[in-house]
Structure formats: C-alpha cells, structure tokens
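The following exercises concern the fold, the helices and selected residues of one protein chain. Please attempt each task before reading its solution.

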Amino acid sequence: MGLDAVLARSLAERPGYPDVGATRAAALDGAPLPAGWKHLRHSEVVGSGAAALDAAGECIRGWGMHRGAGITVTASAPVADVGVTTVSGIGVGPLRLAAPCRVLWVVDEPTVRGFGYGTLAGHPETGEEAFVARLGDDGEVRMTVLAFSRSGRWYTRAAGPLVRVFQAVAARAYVRAVRRACTRSAGS
C-alpha cells in the first residue's frame, strides 16, 4: 500500500496506547518518560542565536528534518500542528515500511520550538517521539529527540535490539538535518 493510501486510512485512527502525550512534559519540563517502555534521548547543539532557533523550528515542523534524514514523508498538512496525520516511508520500493503518526502537541515559543507525535495502527512501533529545539541562556540552540516505544509488529519484535540501533541512527540523522538548516540560515 502506498504512503498516500496509508495516510487516507490513518486519518480516522487515534493513538491506541497508554501514556498518550507523555513526551510533552518530558521534552518541555524534564519529566521522566513513562515506565515500561524503551526510551531514547539524544541531544546535540545545532547552532546559536535566534536565527538558528527559527531555522531549527521551521526544519522540524515543516518535515525538513525527516526529509533531510532520508525519510519520505506525506502529511495531511505542510506543517506539523496538533491533529495533523503524517506517514513516514522508511526504506525503498517494496521494502518500504509505512509509519503513520498523529501530531499530539506543538510548542512555538520564543525559546522553544517543536512537536511530539504518537503512532497509529500499522506503525512498526507503538509509542511517541518528540523533536524540540531550545535556545539556551548561553545562546546555543540544542536539538533534542526523545521517545518511548515498544515493538508494534512481528517484524520489529523479531529484529529485537536492531530496532533500537535504527532509532538511535535516525535520531542522529534528524539532528544533522536540523544542524544543516541552522548552518544555511547563518550563511544567508
């Protein structure tokens, strides 16, 4: 099934796991991620200054972070906003996995930009992921990717620890994509 067909089917879906929305408090207030899940936290400096924060926020919310990491994205809106449904295509051709998600929360404040989304039926994993850029008092812009998840399909259960490796690689790729966006904005 193509990504557009998965998107159409997913529009009526709702996240069906406990702890829906828990990434918000973890990403914005430092709350712990929920117990009983596998956790991912990755954070790096991606730039400095208000222009870098603006570029990071646009890259994150405009799906540029995903595309810059080599992931195909189709979404019900061009910008991540609460209620938007997105389907990421991971892999190529007949080996492409469709990963539908719903944007659960968005932050667009003077020093913090980003969003969190939760998985929908058919996603290889079950859980949430959040992407946040924050301008610190020192002027540095730090991008954080955090997630809680567990296997949602037979093949992710069979892959075991390889799934966690893929998630860590993806988190680093997201950060690199946002860093490139910040670097381009500094050169403008």
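**Exercise 1. How much area does the protein chain expose, and what share do carbon and sulfur atoms supply?**

Solution. The exposed area of the protein chain is about 8800 Å², and carbon and sulfur atoms supply 57% of it. Accessible areas come from the Shrake-Rupley method with a 1.4 Å probe, and for residues only the protein chains shown count as cover. The model is predicted: local features need pLDDT of at least 70 and side-chain atom pairs count only at pLDDT 80 or more, while totals for chains, interfaces and linings use all residues. Residues are numbered from 1 along each chain as its sequence is written, and side-chain values use heavy atoms, with hydrogens and water left out.

Next, burial is considered. Of the 188 residues, 45% count as buried, where buried means under 20% relative accessible area, exposed over 50%, and partly exposed in between (1.4 Å probe, protein chains only).

Finally, the charges are considered. The chain has 21 positive and 16 negative side chains, and the centres of the two sets lie 8 Å apart. Lys and Arg count as positive and Asp and Glu as negative, without His and the chain ends; each charge is placed at NZ of Lys, CZ of Arg, CG of Asp or CD of Glu.

**Exercise 2. Which pattern of helices and strands does the protein chain follow along the sequence?**

Solution. Step one is the count: there are 6 helices and 7 strands. Helices (H or I, at least four residues) and strands (E, at least two) are DSSP runs, numbered from the N terminus. Step two is the order, which reads α-α-β-α-α-β-β-β-β-β-β-α-α. Step three is the overall dimension. The radius of gyration is 16 Å, close to the 16 Å that the globule rule gives for 188 residues, so the chain is as compact as a globular protein of that length. The radius is taken over C-alpha atoms, and the globule rule is 2.2 Å times the number of residues to the power 0.38. Along the principal axes, the C-alpha atoms fill a box of roughly 45 × 35 × 30 Å.

Step four concerns contacts, defined as heavy atoms within 4.5 Å. Among the contacts with a separation of 6 or more, 59% join residues 24 or more positions apart.

**Exercise 3. Which residues of helix α1 are buried, and which exposed residues does its opposite face carry?**

Solution. Helix α1 comprises residues 3-10, and Leu3, Val6, Leu7 and Ser10 are buried there. Seen down the axis of α1, these residues fall within an arc of 100 degrees, so they line one face of the helix; the arc is that of the directions from the helix axis to the C-beta atoms. An α-helix has 3.6 residues a turn, so residues three or four places apart point the same way. The face turned away from the buried side carries the exposed residues Asp4 and Ala8. The cover of the buried residues of α1 includes β2 (72-75), β3 (85-90) and β4.

**Exercise 4. Against which strands do the buried residues of helix α2 pack?**

Solution. First, the buried residues of α2 (residues 22-29) are identified as Thr23, Ala26, Ala27 and Leu28. These residues pack against β1 (38-48), β4 (97-108), β5 (112-119), β6 (125-135) and β7 (140-151). A link to α2 also appears from β4, where Trp105 is found: the contacts of Trp105 beyond four places in sequence include Thr23, Ala27 and Leu28. Trp105 counts as buried, at 4% relative accessibility. After α2 comes Gly30, whose phi is positive, near 80 degrees.

**Exercise 5. Are Asp19 and Trp63, each with a positive phi, buried or partly exposed?**

Solution. Asp19 lies in the loop between α1 and α2, and its phi is near 70 degrees, a positive value in a residue other than glycine. At 35% relative accessibility, Asp19 counts as partly exposed. Trp63 lies in the loop between α3 (50-61) and α4 (64-68) and has a positive phi of about 70 degrees although it is not a glycine. At 2% relative accessibility, Trp63 counts as buried.

**Exercise 6. Which residues does Gly89 touch, leaving aside those up to four places away in sequence?**

Solution. Gly89 belongs to strand β3 and is buried, with a relative accessible area of 1%. Gly89 touches Leu3, Ile71, Thr72, Arg96 and Leu97. One of these, Ile71, lies in the loop between α4 and β2 and is buried at 11% relative accessibility. Beyond four places in sequence, Ile71 touches His66, Ser88, Gly89 and Tyr174. Ile71 and Ala173 are 102 residues apart in sequence and 9.9 Å apart in space, C-alpha to C-alpha.
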